[in-house]
Amino acid sequence: MAGTQGRDLDRKKLMADPIMMTTIVVLIAFLTLFILYPLAILLVDSMFGSSGFTLDTFRRVLAMASFRTAIGNTMKIGLLVGVLSTAIGLLFAYVEVYVRMRRFTGGLFRLISMLPVVSPPFVLSLSMIMLFGKAGLITRFLLGIYDNNVYGYWGIVIVQTMTFFPVCYMMLRGLLKNIDPSLEEASRDMGASRMKVFTSVTLPLLLPGLGNAFLVTFIESIADFANPMIIGGSYDTLATSIYLQITGAMDKEGAAAMAVVLLVITLGMFAVQKYYLEAKTAATLTGKASRGRMLIEDSSVRIPLTILCSLVAVFVIAMYLCVPIGALFPTWGYKFTPLTFKWFEQVFTKYRGLQAFRDSFVLSLIASPITALLSMIISYLVVKKKFKAKGFIEAVSILAMAVPGTVLGVGYIRGFAGGLFHSGFLSGIYGTGLILVIVFIVRSLPTGTRSGISALRQIDKSIEESAYDMGANSLKVFTSVTLPLIKDSFLSGLVTAFVRSITAISAIILLVTPSYLLITVQINEFAEKGAFSIACAFATILILITYGAVLLMNLFIRFFGTSRTQREET
Amino acid sequence: MSEMHVKQPKGVKLDHISKIYQDPKTKKDFYAVHDVELDIAPGSFVTLLGPSGCGKTTTLRMIAGFESPDEGEIYLGGEPINELTPNKRDTAMVFQSYALFPHYNVFDNVAYGLKLRKVPRDEIRTRVERILKLVELSGMEQRMTNQLSGGQQQRVALARALVVEPGVLLFDEPLSNLDAKLRVQMRTEIRRIQQALGITAVYVTHDQSEAMAISDQIILMKQGVIAQMGSPTEIYYRPNSEFVADFIGECNFLHGKISGNAEKGCIVALEAGKVAVQTEKSRKVGEDCEIVLRPEAITIGEQGLLPCTVELSCFMGSYQNYHVRVGSELVKITDNCPLNKKVFREGEQAMISFDPACAHLL
């Protein structure tokens, strides 16, 4: 049927807007070159040998007993971490939304939701070893156990659970808040006990959300590189196997094939999570709760739940605190007094700390505004505009979320080390700071885009339409209306991108060259060598930087963000 | 107000416009707007009226440029504008949600379009002040938009659209977020300002009383096509279909056959008796027909044309509401100012009558 004239006109109107056309073309080129192409080259590399199409590389890789074990290990960890994180996350979310809390507990909760944001990914592994390892503070000095082994399966599971459960907690908190209290009141009114209300109303409503949280954690867990690297010991996961295959065995084709295996698993999970569970979650929990909820005051419920949560929270916080404290002891595990700053001094005097912080800082500082702007532009186009390539742009930038850093790293090595398609073209960017910046951007783009999209969806479409109708072109609409309205979200995107970049390791560790010293890579090296004090000193400074960035953002939002009167209405 | 003058208002012409959408469930294409032909005279107030999904908003958005017609051409002031983007069209729209910029105060909201047009600063100030006076918001320049009531926000939206002196002013259900009393007040305001400025206005609403109160011309749409267009009186008293009659106000339909033609109309044989109805053309004897009767055009009493049985009698304040059975058909009657008239009770017999000039034959 017809409809072509409308499409033609839409296209002509788009063409009449050169700024937007250019933006779209540049975006498509960027996404194709730096997300799709490196992944595609992995497939090509692992499937096409010198004699055309072959699955030999896959056969070879899958024949390795160590790789098959790694797959099994990864799945076992992911499964358990997913279940545990979801359960603990649910407990925290439930207590926050349903139970009246003291101010102290509230503070603990806020800290818990904040810590994983500002801390580098492997900090908990460090403190786990320092507290429970062979020379662990708790195991050896408190309990007198001299041969405790934290390395391996349980070490990874515990550390990952503590790292990821706050994410589940925040996801589930949002969902629980959206449950209309009258549903539960109706159930209670008809004679259900509190337990019965939970199992017959709250839980079923939350079920898709729980599945969602589980899968998100699962993906995070199997994509995690840093923790298994530090605390895994000889217990290999997919991510670490790929790394070792490249750095140890120098087998790039093999690593490419392994990366494809890992990518297929995460993408599969991601597809289920994105298109099945997310839709279901939205369908069961729509809209905002109409009224406030009667908080549970009953001591028999309140006290045990609060105590349980507080214990977990205190434990996690203690783990984080262990890092800065560890950096102050003269010799960890042997000599605890007097406290000293010598490790911090050594960071700068002996271990080129200044260069490491400068490199990390500058590269992240370059990457974060680009990321924030790019993700806002993508979200603007996706939410507010219609054009043919929209689906492509949205799909690719969201897809990048499911790509483990290690996979991306291998893709960049294969895709750019010898230039595009091994032709030598563009090979100049490999090994430079530019490619590190690009990796930073690509790694943070999906989160930025996702939060940008949700921020923009809150803005009535007609506000921008009216600016457009009054005579503003797309650039003017974006700068005079859209951007000011999502200023807060832009700022937090900026800081998130900065924090993510400066704490990134999985893709970076494969791409960094000796000309750049990055903090995270340094920490990883020292932790590998067992130099925990110096690793802790590095990590402490890093946490201070990221925490400072977050504080700065909060201050900025308070003074220059959406004004208070404006916010009251929403 | 006399000092306000608008540059020449423009006419709008829709030349066989269609818009095709795809049903998201069945994946089938359908016409959201089908072959709409319309000529809006400069300076007139035209309302697109119809139930939701009739294509009225789509039509308006095509004039603004947010949607592109799949068939046909749109002219503004005689110029084809199909290929122009919304920012290049000489239109200004008042949105249903007002769409005020929450990060600007009242002044900056209204001045937005003028700034884009690079109007000198002093002139912006005088023009904004003048228009704010017109919408009775003088002194509120520095308020943020969320410090305004719904009605005031509505006025800001109107001022923002008016101040750029568009060739045509577009309204997308602008009053639907206001409460009933304010709605009546604002529609009078809009009409007053439109008349004062002599501006062309295209107004979309689903509220028939709003449409009647405000328009020179009503275009009633149904499923993407124009069902009828005409002045409010024409649409109300001379509907061309059961749909139009029913959509505009409450309506009774009496089924019968033409039994003869009289000097100024026809004689219709109903189940309950014969009545005369005024028509412009004579009709073929023996043809099936329907008499369209507004509830307020019928009188109920001891004497009359047709006998009936009262089934419901209900006091509504300004009128007595009756449901009566005439033959086998249910007829609704609103009997105004019932205080010193005989009020019939349920089950009583009565007679109804009507002026042949107030009835319409379909």
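Which residues is A:S360 in contact with, leaving aside its neighbours within four places in sequence? This and the other exercises below use a predicted model, in which local features need pLDDT of at least 70, side-chain atom pairs count only at pLDDT 80 or more, and totals for chains, interfaces and linings use all residues. Residues are numbered from 1 along each chain as its sequence is written, chains are lettered from A and ligands numbered from 1 in the order in which they are written, and side-chain values use heavy atoms, with hydrogens and water left out.

**Exercise 1. Place A:S360 and list its contacts.**

Solution.
- Start with the element. A:S360 sits in helix α16 of chain A, residues 353-384. Helices here are DSSP runs of H or I with at least four residues, strands are runs of E with at least two, and both are numbered from the N terminus.
- Next, the accessibility. A:S360 is buried, at 3% relative accessibility. Buried means under 20% relative accessible area, exposed over 50%, and partly exposed in between (1.4 Å probe, protein chains only).
- Now the contacts, defined as heavy atoms within 4.5 Å. With neighbours within four places in sequence left aside, A:S360 meets A:I502, A:L517, A:L518 and A:I519.
- Last, a distance. A:D236 is 124 residues from A:S360 in sequence, and their C-alpha atoms are 28 Å apart.

**Exercise 2. Describe the surroundings of A:W343.**

Solution.
- A:W343 belongs to helix α15 of chain A, residues 342-349.
- Its relative accessible area is 16%, so A:W343 counts as buried.
- Beyond four places in sequence, A:W343 is in contact with A:A327, A:F329, A:P330, A:S533, A:I534 and A:A537.
- Take A:S533 from that list. It is 190 residues from A:W343 in sequence, yet the C-alpha atoms are 6.6 Å apart.

**Exercise 3. Do the same for A:T57.**

Solution.
- Helix α3 of chain A, residues 56-63, holds A:T57.
- A:T57 is buried, at 12% relative accessibility.
- Not counting residues up to four places away in sequence, A:T57 touches A:S46, A:E253, A:G254 and A:A257.

**Exercise 4. Is chain A, with 570 residues, compact or extended by the globule rule?**

Solution.
- Count the elements. Chain A has 26 helices and two strands.
- Apply the rule. The radius of gyration of chain A is 25 Å, close to the 25 Å that the globule rule gives for 570 residues, so chain A is as compact as a globular protein of that length. The radius is taken over C-alpha atoms, and the rule is 2.2 Å times the number of residues to the power 0.38.
- Add the extents. The C-alpha trace of chain A spans about 80 × 75 × 50 Å along its principal axes.

**Exercise 5. Tabulate chain-wide values for A and B.**

Solution. Accessible areas come from the Shrake-Rupley method with a 1.4 Å probe; for residues, only the protein chains shown count as cover. Chain B has eight helices and 20 strands, and its C-alpha atoms fill a box of roughly 75 × 50 × 45 Å along the principal axes.

| Value | Chain A | Chain B |
|---|---|---|
| Buried residues | 54% of 570 | 52% of 362 |
| Of contacts between residues at least 6 apart in sequence, those joining residues at least 24 apart | 79% | 66% |
| Accessible surface | about 24600 Å² | about 16000 Å² |
| Carbon and sulfur part of that surface | 67% | 50% |

**Exercise 6. Find how B:K27 and B:E165 stand out in phi.**

Solution.
- Recall the background. Most residues other than glycine have a negative phi.
- B:K27 has a positive phi, near 60°. It lies in the loop between β1 (12-22) and β2 (29-40) of chain B.
- B:E165 also has a positive phi, about 50°. Its loop runs between α4 (150-163) and β7 (168-172) of chain B.
- Compare the accessibility. B:K27 is exposed at 56%, whereas B:E165 is buried at 15%.

**Exercise 7. Why does B:C266 form no disulfide with B:C289?**

Solution.
- State the cut-off. A disulfide is a pair of cysteine sulfur atoms within 2.5 Å.
- Check the distance. The closest cysteine sulfur to that of B:C266 is in B:C289, 7.5 Å away, which is too far for a bond.
- Give the total. The count over all chains is zero disulfides.
- Note the accessibility. B:C266 is buried at 1%, and B:C314 is partly exposed at 28%.
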